[in-house]
Amino acid sequence: MTHSDTPQLTLKRFFPYRLANLQAAVSAAVGRLYTGRFNLTHQEWRVLATLSEYPELSAKDIAIHTNLEKMQVSRAISRMTEHGLLFQQPAAHDRRYLRLQLTEKGLQTYRDIVPLVLEREAYLLDALSAEERQLLDGLLDKLLERTHQLAEQDRLKE
C-alpha cells in the first residue's frame, strides 16, 4: 500500500481526539474550583463526590465508581485522611475490609463545592437548548454503551 492509498486522518476532526480535548477543557474549567479554593486534586474530588453519594465504600469500590486506578484512589484517600476529610473504619464482617466515610469536615467541603460545580455545569450546558441537552445525554449513553461493546469484543479476542 502506498502512502496515497493510506486512509487520511485529520486529527482535529478525529472523534476520540475531540472528545479528549473537550473532556480536558471541561475538567479544567470545573477543576479550578476545587483545586484552588479547596486544595483538592481531581482524584480527591471524585472520591469526595462518590463517598457523599455512596457512604461507607471500600477503596476498591471507589476505584470502580470513579474510574480511577487503585493507586490514585489510595493516594487520594491518604491525603484526604491526613486533612481530616475522611476516616477509615474496619468492617464488622471482615477486619481487612476498610469502610471509608466522610467526616463532618469532608461533608461540609462537599456541600461548599457542589453549588459551585453545578453552576459551572449549568453555564456550560446553557450553550445548548433543552432538546440538545436531552439529545446529548442520549448520545453519550449510546457511545458509552458502544465502548463497552468494543471492550467486550477485545476481551473475547484475547
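Helices and strands are here DSSP runs, with at least four residues for a helix and at least two for a strand, numbered from the N terminus. The model treated in these exercises is predicted.

**Exercise 1. Overall layout**

Determine the order of the secondary structure elements, and decide whether the protein is spread out or compact by the globule rule.

Solution.
Step 1. Read the elements from the N terminus on: the order is α-α-α-α-β-β-α-α.
Step 2. Check the totals, which are 6 helices and 2 strands.
Step 3. Take the radius of gyration, 20 Å, and set it against the 15 Å that the globule rule gives for 158 residues. The value is well over the rule, so the protein is more spread out than a compact globule.
Step 4. Add the extent: along the principal axes, the C-alpha atoms fill a box of roughly 65 × 45 × 30 Å.

**Exercise 2. Burial, surface and charge**

State what share of the residues is buried, what the exposed surface consists of, and how the charges are placed on average.

Solution.
Step 1. Of the 158 residues, 22% are buried.
Step 2. The exposed area is about 11,700 Å², and 56% of this area comes from carbon and sulfur atoms.
Step 3. There are 21 positive and 21 negative charges, and their mean positions lie 4 Å apart.
Step 4. For contacts with a separation of 6 or more, 48% join residues 24 or more positions apart.

**Exercise 3. The largest nonpolar core**

Identify which residues of the largest nonpolar core touch the most other members, and which elements supply the core.

Solution.
Step 1. The core has 24 residues, and Leu-51, Leu-86 and Ile-113 touch the most other members.
Step 2. At least two core residues come from each of helix H1 (15-36), helix H2 (42-53), helix H3 (59-66), helix H4 (70-82), strand E2 (98-102) and helix H5 (104-125).
Step 3. Follow one of the three residues: leaving aside residues up to four places away in sequence, Ile-113 is in contact with Tyr-34, Phe-38, Leu-40, Trp-45 and Leu-48.

**Exercise 4. A loop residue and its surroundings**

Locate Leu-85, decide whether Leu-85 is buried or exposed, and list its contacts.

Solution.
Step 1. Leu-85 sits in the loop between H4 and strand E1 (86-90).
Step 2. The cut-off for buried is under 20% relative accessible area. Leu-85 has 7%, so Leu-85 counts as buried.
Step 3. Beyond four places in sequence, Leu-85 touches Leu-40, Met-80, Gln-101, Leu-102, Thr-103, Lys-105, Gly-106 and Thr-109.
Step 4. For one of these partners, Gly-106, the C-alpha separation from Leu-85 is 3.9 Å, with the two positions 21 residues apart along the chain.

**Exercise 5. Positive phi in two loops**

Give the phi values of Asn-39 and Glu-56, and classify the exposure of each residue.

Solution.
Step 1. Asn-39, in the loop between H1 and H2, has a phi near 55°, which is positive in a residue other than glycine.
Step 2. Glu-56, in the loop between H2 and H3, is not a glycine either and has a positive phi of about 65°.
Step 3. The partly exposed class runs between 20% and 50%. Asn-39 at 46% therefore falls in this class, and Glu-56 at 31% is also partly exposed.

**Exercise 6. A residue of helix H6**

Describe the setting of Arg-133 in helix H6 (residues 130-157).

Solution.
Step 1. The relative accessible area of Arg-133 is 30%, so Arg-133 is partly exposed.
Step 2. Arg-133 touches Leu-125, Asp-126 and Leu-128, when residues up to four places away in sequence are not counted.
Step 3. Arg-75 lies 58 residues from Arg-133 along the chain, and their C-alpha atoms are 35 Å apart.

Notes: Residues are numbered from 1 along each chain as its sequence is written. This is a predicted model: local features need pLDDT of at least 70, side-chain atom pairs count only at pLDDT 80 or more; totals for chains, interfaces and linings use all residues. Side-chain values use heavy atoms; hydrogens and water are left out. A nonpolar core is a set of buried Ala, Val, Leu, Ile, Met, Phe, Trp, Tyr and Cys residues joined through side-chain atoms within 4.5 Å. Buried means under 20% relative accessible area, exposed over 50%, partly exposed in between (1.4 Å probe, protein chains only). Contact means heavy atoms within 4.5 Å. The radius of gyration is taken over C-alpha atoms; the globule rule is 2.2 Å times the number of residues to the power 0.38. Accessible areas come from the Shrake-Rupley method with a 1.4 Å probe; for residues, only the protein chains shown count as cover. Lys and Arg count as positive and Asp and Glu as negative; His and the chain ends are not counted. The place of a charge is taken as NZ of Lys, CZ of Arg, CG of Asp or CD of Glu.
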